[in-house]
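Work through the exercises below with the structure open beside you. Try each task before you read its solution.

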Amino acid sequence: MVESGFQIDGGGPRAYDHSVAEFAGPFADVAVSAVHPKPGESLLDLACGTGFVTRRAAYSVGAGGSVVGLDINCAMLEVAADEGPDIADWVCASADDMPFDDCSFDAIVCQQGVQFFPDPVAALVEARRVLRPAGRICATVWAAPSFSPYFHAVATGLIAAIGDVGVAPLYAAMPEGGDALLVGWAEAAGLSDIALRQVEVVINLPPIREFLPGQLTATPWGALLRAAGQHAWDVATHKAFDELKPHVRWDGSAGLPFRSWLLTATRG
Ligand SMILES: C[S@@+](CC[C@H](N)C(=O)[O-])C[C@H]1O[C@@H](n2cnc3c(N)ncnc32)[C@H](O)[C@@H]1O
């Protein structure tokens with residue numbers, strides 16, 4: 001059986017909220033805007049993780065609206081609830097079996113989640129079920145690492161240190177042909193008005209030599225690297241620093257493009 005992807009534990013969820021926010025935060029703004037939330041509406045943040053999207057979704061629907069954040073990883077939800085105890089209902093459940101009535105939500109946002117579901121089509125069928133008629137959905141998937149120098153550098157470091165096994169979970173997070181995959185899943189789930197675009201944001205990352213190791217600890221591929229020992233960790237991080245050298249400024253920071261595919265659709 002395929003298991004849910006992007007599972008982190010220990011200090012991972014807390015590190016995720018700090019380090020991934022640097023580049024996932026701006027994409028969350030785009031994803032929430034893409035479902036055109038209105039004050040008073042009910043929104044679901046599907047695979048909410050530590051709640052980047054949920055916090056923005058809550059702001060967008062205002063005090064008269066309601067937001068639910070759902071994730072299969074209860075440790076991620078604990079961080080989400082710490083960061084925003086009153087902004088949402090936090091639900092620990094699987095995307096393909098959601099504990100909600102039919103037609104519960106006006107809109108759903110799923111940022112960097114669908115590629116980790118064991119059965120993305122089943123989860124989108126379930127998303128369609130819990131949407132109201134004409135309800136809107138947005139789902140995003142990172143473009144392949146070749147489009148983002150930061151992810152490319154991390155992938156190069158992982159391959160140098162622990163080979164293909166180490167880089168496999170990173171490639172699963174940002175698959176080749178993710179655009180076609182997203183559209184195929186949405187079509188198979190029976191969604192309507194399907195549209196796809198790419199979103200690229202240049203992110204100013206803090207000094208890379210501190211940022212990159214911290215960000216690695218917030219990922220499943222970082223956990224594999226840690227398990228492979230200190231030598232592997234050093235090989236991977238040095239290789240990644242070398243790759244990023246041409247982009248790094250005098251103060252160690254770097255402005256780097258990140259690219260994601262963004263799909264919008266409706267229940268019809
Ligand atoms: C890369 S994180 C994205 C989190 C958040 N949406 C964000 O933008 O930061 C992927 C999330 O998908 C969740 N996930 C994976 N499989 C899932 C499933 N079957 N049902 C619900 N959530 C799942 C993971 O637990 C993880 O929190």
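The exercises go from the sheet to the core, then to single residues and the ligand. The model is predicted.

**Exercise 1. The sheet**

Task: Find the order of the strands in the open sheet and name its edge strands.

Solution:
- Step 1. Trace the strands across the sheet. The order is S3-S2-S1-S4-S5-S7-S6, with 7 strands in an open sheet.
- Step 2. Look at the two ends. The edge strands are S3 (89-92) and S6 (192-205), and each pairs on one side only.
- Step 3. Check the twist. From one strand to the next it averages 20 degrees.
- Step 4. Name the type of pairing. The pairing is mixed. In general, strands of a sheet pair through backbone hydrogen bonds, either parallel or antiparallel.

**Exercise 2. Three pairs of strands**

Task: State the sense of pairing for S1 with S2, for S5 with S7 and for S6 with S7.

Solution:
- Step 1. Take S1 (residues 42-46) and S2 (residues 66-71). They pair in the parallel sense over 5 bridges. Ser 42 stands opposite Ser 66 in S2. Leu 43 has Val 67 of S2 as its bridge partner.
- Step 2. Move to S5 (residues 131-142) and S7 (residues 254-266). These two are antiparallel, with 7 bridges. Trp 142 faces Ser 260 in S7.
- Step 3. Finish with S6 and S7. They are antiparallel too, over 12 bridges. Opposite Ser 192 is Thr 266 in S7.
- Step 4. Go back to S2 and ask how covered it is. Of its 6 residues, 5 are buried, so S2 is mostly covered.

**Exercise 3. The core**

Task: Which residues of the largest nonpolar core touch the most other members?

Solution:
- Step 1. Start from the 84 residues of this core. Ala 31, Ile 108, Val 109, Ile 137, Cys 138, Leu 158 and Leu 225 touch the most other members.
- Step 2. Find the largest share. Helix H6 (residues 149-173) supplies it, with 11 residues.
- Step 3. Zoom in on Ile 108. Leaving out residues up to four places away in sequence, Ile 108 touches Leu 44, Leu 46, Ala 127, Leu 131 and Ile 137.
- Step 4. Turn to helix H5 (residues 120-130). Its buried residues include Ala 123, Leu 124 and Ala 127. Among the elements covering the buried residues of H5 are S1, S4 (105-111) and helix H7 (178-188).

**Exercise 4. Two residues compared**

Task: Is Phe 258 buried or exposed? What is the state of Pro 26?

Solution:
- Step 1. Place them. Phe 258 is in strand S7. Pro 26 is in helix H2 (residues 21-34).
- Step 2. Count around Phe 258. It has 22 other C-beta atoms within 10 Å. The cut-off for buried is 20 or more, so Phe 258 is buried.
- Step 3. Count around Pro 26. It has 16 other C-beta atoms within 10 Å, so Pro 26 is partly exposed.
- Step 4. List contacts beyond four places in sequence. Phe 258 touches Phe 23, Ser 148, Tyr 150, Val 201 and Ile 203. Pro 26 is in contact with Val 201 and Ile 203.

**Exercise 5. Around the ligand**

Task: How many residues surround the ligand, and which come nearest?

Solution:
- Step 1. There are 22 residues around the ligand.
- Step 2. Ser 4, Ala 47, Gly 49, Asn 73 and Ala 95 come nearest.
- Step 3. Sort the shell by type. It holds 12 nonpolar, 9 polar and 1 charged.

Terms used:
Residues numbered from 1 in each chain as written. Predicted model: local features only at pLDDT ≥ 70, side-chain atom pairs only at ≥ 80, totals over all residues. Core = buried A, V, L, I, M, F, W, Y, C linked by C-beta atoms within 7 Å. Buried ≥ 20, exposed ≤ 12 C-beta atoms within 10 Å, placed from the backbone. Helix = DSSP H or I, 4+ residues; strand = E, 2+ residues; numbered from the N terminus. Contact = placed C-beta atoms within 7 Å. Pairing = 2+ DSSP bridges. Axes fitted to C-alpha atoms, helices over the stretch in contact; angles between N-to-C directions. Near = placed C-beta within 6 Å. Nonpolar A, V, L, I, M, F, W, Y, C, P; charged D, E, K, R; others polar.
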